[in-house]
Amino acid sequence: MSDGEPVLRKQSFEILLKTIEEKRPNRILEIGVNVGLSGIAMLLKSPNSSLTGIEIDEEKIKIAKNNYQEFGVQERAKIFQGDASEIIPILTGEYDFIFLDGPKGHYFEYLPHLIAILNKGGVLFADNVLFRGYVGEDKIAPKRHNTIKHSMENFLSAITTDKTLKSEIIDIEDGISITEKIL
């Protein structure tokens, strides 16, 4: 947490930046911009990239835009305000890298749309996929987290069984998945 805002944890953040550095994507999609910190880091790590972000919270968008300005990446970043469930299905073009860090209960719902706009060789990087240790464990989730747990389990099953994808689940912090579109 940073000033009460959720941010990518240290090891996950390092792996995100290492992946960005290796892939050098032209177009990045970030679902869950928050205040723009991960987007800024990705753009600084990959100077030829452009970023499209989705964020529902208008106040966070204002802060993110100020942060983009402060770090000099505002010309390479744009944000759509709204519900990702409504925006993702109407996105056009293809992306080389998708950073999924939005509403955890919707990852599985987003997946077919994200695969459709991901270039061959592109990467879908998802945070929080083991959701507090409840996913992939016999651990019982509190009832209020059952929807998220089941959505995440469906998401992980889909990315690991789809023959057009190659996925790695990394059990650090809250869990990350790195999925490459191979076909």
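Which residue in S3 is the bridge partner of Ile-54? Here are my notes, with that one answered in point 2. Keep in mind that this is a predicted model.

1. **Strand S1.** I'd start at S1, residues 27-31. Four of its five residues are buried, so the rest of the structure largely encloses this strand. S1 has partners in both S2 and S4. With S2 the pairing is parallel and counts five bridges, and Arg-27 sits opposite Ser-50 there. With S4 (95-100) the strands also run parallel, this time over four bridges. If you want a residue pair to look at on that side, try Ile-28, which stands opposite Phe-97.

2. **Strand S2 and its link to S3.** S2 covers residues 50-55 and is mostly covered itself, with five of six residues buried. Besides S1, S2 pairs with S3 (residues 77-81), again in parallel and through five bridges. Back to the opening question: the partner of Ile-54 is Phe-80. To get from S2 to S3, the chain passes through H3 (residues 58-70), and this β-α-β crossover is right-handed.

3. **The other crossover.** S1, helix H2 and S2 form a β-α-β unit that is right-handed as well. H2 takes up residues 37-45.

4. **What H2 packs on.** Take a look at the run in H2 from Ser-38 through Gly-39, Ile-40, Ala-41 and Met-42 to Leu-43: these are the helix's buried residues. They pack against quite a list of elements: helices H1 (10-23) and H3, plus strands S1, S2, S3 and S4. As a general reminder when you turn the helix around on screen, an α-helix has 3.6 residues a turn, so positions three or four apart point the same way.

5. **The second largest pocket.** This one holds about 250 Å³ of space. Its lining comprises 13 residues, and the closest to the centre are Thr-19, Glu-22, Lys-23, Glu-168 and Ile-178. Three elements give two or more residues each to the lining: H1, S6 (165-170) and S7 (176-181). H1 gives the most, with five.

6. **Chemistry of that lining.** What is the make-up of this pocket's lining by class? There are six charged residues, four nonpolar and three polar. Glu-22, Lys-23 and Glu-168 are among the residues closest to the centre, so worth having on display when you look at this pocket.

Key: Residues numbered from 1 in each chain as written. Predicted model: local features only at pLDDT ≥ 70, side-chain atom pairs only at ≥ 80, totals over all residues. Heavy atoms only, no water. Buried < 20%, exposed > 50% of the residue type's maximum accessible area, 1.4 Å probe, protein only. Pairing = 2+ DSSP bridges. Right-handed = clockwise from strand over helix to strand, strands pointing away. Contact = heavy atoms within 4.5 Å. 1 Å grid on protein atoms, 1.4 Å probe; cavity = no way out; pocket = protein on both sides within 12 Å on 5 of 7 lines; lining within 4 Å. Points joined across faces, edges and corners; volume = space filled by probe spheres on them. Nonpolar A, V, L, I, M, F, W, Y, C, P; charged D, E, K, R; others polar.
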